Amino acid sequence: MYKFPMGVCNFREMIEDGYMYIDKTQYIPILENDDRNLMILRPRRFGKSLFVSTLDYYYNKLHKDQFDNLFKNTYIGKNPTTQKNSYMILNFDFSGIGTNNLEDTKISFTNHIREVLLTFIEKHNKYFDTEDKEKINNSQIPSDIVRIVLEKLSRKNAEEYIYLLIDEYDHFSNRIFTRGTEEFEKLLDKEGFLRTFFEALKVGTETHIKRIFITGVLPILLDALTSGFNIMSNKSTKLKYNELFGFEEHDVEDILQNVGAQQYRQIVKEYYNGYTFSEESDVKMYN
């Protein structure tokens, strides 16, 4: 009988602890052959965070020795691409950013960026030193923290490149947006911390950010950033990605049969089926 991963979205934990796993790695080569900077949006509870984690373990050069163990039973494990385990991974998750007020959001966002980049330079310490850590710790501007890292990689002529992952890119901005447009517009002010952060990432694609993959729920923030981050390709409604996130009907039927609950098939279909993300597809997905 399946062991269900309640709230688990770490790929390594899913595999090593023997949880039920629906393989989506066949989409990795499709992503590689698409634009370098991709965004794919979906509603909540479709497995976006797990897929981001999967990309992390697949592309992260620091996980190279774990590849066979983690991916041996997946499509990509049997059909690896030349880019596997070849990147430095920079992985942001904006789902935990505070939203009590704009000042709280700025502090929470800055702390997250600082924490992620301090961890990044610790893992790739051959390019960084104590002075870099001090600069990051002393900076209160997210875009400056990003620049410290990217500029140092450029000065060191680093031959390795970054695969940037951002999960729930719009989670906190959507919460702010629901309170009214005034606070949301301040987020995106020309000198605002969020806009300048994304502008710094955009500049980074000219040097050491080689690929970007972003998930979220709505395109509102992306559209509002306009020229500040106009490098992304939103592929959310493309036919080839319709089944990237979520369960197909045969997956659900297999699960129900495994746990002896086939009699609930119609109820599950009524409550969790019906999502089609491409006008060209008739495949309805379960969340």
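## Helix H9, overall form and aromatic pairs

In helix H9, which spans residues 171-178, the buried residues are His-171, Phe-172, Ser-173, Asn-174 and Ile-176. The model described here is predicted. The partners against which the buried residues of H9 pack are four helices: H6 (102-123), H10 (181-187), H11 (193-204) and H12 (220-225). Just after H9, a positive phi of about 135 degrees is found at Gly-180.

The chain as a whole contains 14 helices and 5 strands. Its radius of gyration is 20 Å, close to the 19 Å that the globule rule gives for 287 residues, so the chain is as compact as a globular protein of that length. Along the principal axes, the C-alpha atoms fill a box of roughly 60 × 50 × 30 Å. Of the 287 residues, 50% are buried. When contacts between residues at least 6 apart in sequence are taken, 75% of them join residues at least 24 apart.

At the surface, the chain exposes about 14300 Å², and 46% of this area is supplied by carbon and sulfur atoms. The chain carries 37 positive and 44 negative charges, and the mean positions of the two sets are 3 Å apart.

The structure holds 28 aromatic pairs. A pair of aromatic rings is described by the distance of the centres and the angle of the planes. Two of the pairs are listed here.

| Pair | Centre to centre | Angle between planes | Arrangement |
|---|---|---|---|
| Phe-51 and Phe-245 | 5.7 Å | 90 degrees | edge-to-face |
| Phe-109 and Phe-197 | 5.1 Å | 90 degrees | edge-to-face |

The pair of Phe-51 and Phe-245 links distant parts of the chain, 194 residues apart. Phe-51 belongs to helix H3 (residues 48-59), while Phe-245 sits in the loop between strand E5 (233-234) and helix H13 (249-258). Phe-51 and Phe-245 are both buried.

Phe-109 lies in helix H6 and Phe-197 in helix H11, so this pair ties together parts that are 88 residues apart in sequence. Helices H6 and H11 are also among those that the buried residues of H9 pack against. Why does Phe-109 count as buried? Its relative accessibility is 0%, and buried means under 20%. Phe-197 likewise counts as buried because its relative accessibility is 0%.

Aromatic residues also group into a cluster. One such cluster is formed by Phe-11, Tyr-21, Tyr-57, Tyr-58, Tyr-59, Phe-67, Phe-71, Tyr-87 and Tyr-163.

Definitions and conventions: Residues are numbered from 1 along each chain as its sequence is written. This is a predicted model: local features need pLDDT of at least 70, side-chain atom pairs count only at pLDDT 80 or more; totals for chains, interfaces and linings use all residues. Side-chain values use heavy atoms; hydrogens and water are left out. Buried means under 20% relative accessible area, exposed over 50%, partly exposed in between (1.4 Å probe, protein chains only). Helices (H or I, at least four residues) and strands (E, at least two) are DSSP runs, numbered from the N terminus. Contact means heavy atoms within 4.5 Å. The radius of gyration is taken over C-alpha atoms; the globule rule is 2.2 Å times the number of residues to the power 0.38. Accessible areas come from the Shrake-Rupley method with a 1.4 Å probe; for residues, only the protein chains shown count as cover. Lys and Arg count as positive and Asp and Glu as negative; His and the chain ends are not counted. The place of a charge is taken as NZ of Lys, CZ of Arg, CG of Asp or CD of Glu. Rings of Phe, Tyr and Trp (its six-membered ring) pair if their centres lie within 6.5 Å; planes under 30 degrees apart count as stacked, over 60 as edge-to-face and the rest as tilted.
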